[in-house]
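Please follow the chain in the order the text takes it, with the structure open beside you. The paragraphs below go from one helix to the interior and then to the surface.

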Amino acid sequence: GNWRMPTKAEIQELIDNTANEWIADFNGTGVNGRKFTSKTDASKYIFIPAAGCCNGGSVNYVGGIGYVWSSSLSTSYTDNAWYLYFLSDGCRMYNYYRYYGKSVRGVMN
């Protein structure tokens, strides 16, 4: 329907236009991740869990690192796509091989 993966530009916009912080045990759920709060309206935020990643059949870094795929491919390496990477000390964008199991966080058109 109306859901799709965010673009690289949209993930960068999330980083640039929010105050983000590492949250341990979000609302008593035992889930760690980053909370991205709007710089213009503190009542609007999104929490993204540090769900780790999957490679070779194993899930690694759960609770310590978060990854979220974008729909944007690397222009230099067509086997790669851009993703949001975060841990307790910050977040940034990287690109890597698309076969790695990273989270997908849908956005609505």
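Beyond the neighbours within four places in sequence, K8 is in contact with S70, S72, W82 and M93. The model is predicted, and these contacts are computed from it. K8 lies in helix α1, which covers residues 8–16. Its relative accessible area is 32%, so K8 counts as partly exposed. The C-alpha atoms of K8 and L73 are 8.6 Å apart, although 65 residues separate the two in sequence.

Two of the contacts of K8, W82 and M93, also belong to the largest nonpolar core. This core has eleven residues in all: I11, I15, F36, I48, A50, V68, W82, L84, F86, C91 and M93. Two or more residues each come from α1, β8 and β9, and β8 gives the largest share, with three residues. In soluble globular proteins, nonpolar side chains tend to be buried together. A second, separate core has nine residues, among them C53, Y67, Y85 and Y100.

Strands β8 and β9 also pair with each other. β8 spans residues 80–87, and its pairing with β9 is antiparallel, over eight bridges. The two strands form a hairpin with two residues between them. One of the bridges joins L84 to M93 in β9, and both L84 and M93 are members of the largest core.

A50, another member of that core, has contacts in several stretches of the chain. Leaving aside neighbours within four places in sequence, A50 is in contact with W22, N32, G33, Y61, V62, G63, G64, I65, G66 and F86. The contact with G33 leads to strand β3, residues 33–38, where G33 is found. Is G33 buried or exposed? G33 is buried, because its relative accessible area is 0%. With neighbours within four places again set aside, the contacts of G33 are E21, W22, I23, F47, I48, P49, A50 and F86. W22 and F86 thus appear among the contacts of A50 and among those of G33. S58, by comparison, is 25 residues from G33 in sequence and 20 Å from it in space, C-alpha to C-alpha.

The last stop is on the surface. Y96, Y97 and Y99 make a nonpolar surface patch of about 330 Å². Y97 is in strand β9, residues 90–97, the strand that pairs with β8. At 35% relative accessibility, Y97 is classed as partly exposed. β9 therefore gives two or more residues to the largest core and also holds Y97, which is partly exposed because its relative accessibility is 35%.

Definitions and conventions
Residues are numbered from 1 along each chain as its sequence is written. This is a predicted model: local features need pLDDT of at least 70, side-chain atom pairs count only at pLDDT 80 or more; totals for chains, interfaces and linings use all residues. Side-chain values use heavy atoms; hydrogens and water are left out. Patches are made of residues with over 30% relative accessible area and no salt bridge: like charges are joined within 9 Å, nonpolar side chains (Val, Leu, Ile, Met, Phe, Trp, Tyr) within 5 Å. Accessible areas come from the Shrake-Rupley method with a 1.4 Å probe; for residues, only the protein chains shown count as cover. A salt bridge is a side-chain nitrogen of Lys or Arg within 4 Å of a carboxyl oxygen of Asp or Glu. Helices (H or I, at least four residues) and strands (E, at least two) are DSSP runs, numbered from the N terminus. Buried means under 20% relative accessible area, exposed over 50%, partly exposed in between (1.4 Å probe, protein chains only). Contact means heavy atoms within 4.5 Å. Two strands pair if DSSP finds at least two bridges between them. A nonpolar core is a set of buried Ala, Val, Leu, Ile, Met, Phe, Trp, Tyr and Cys residues joined through side-chain atoms within 4.5 Å.
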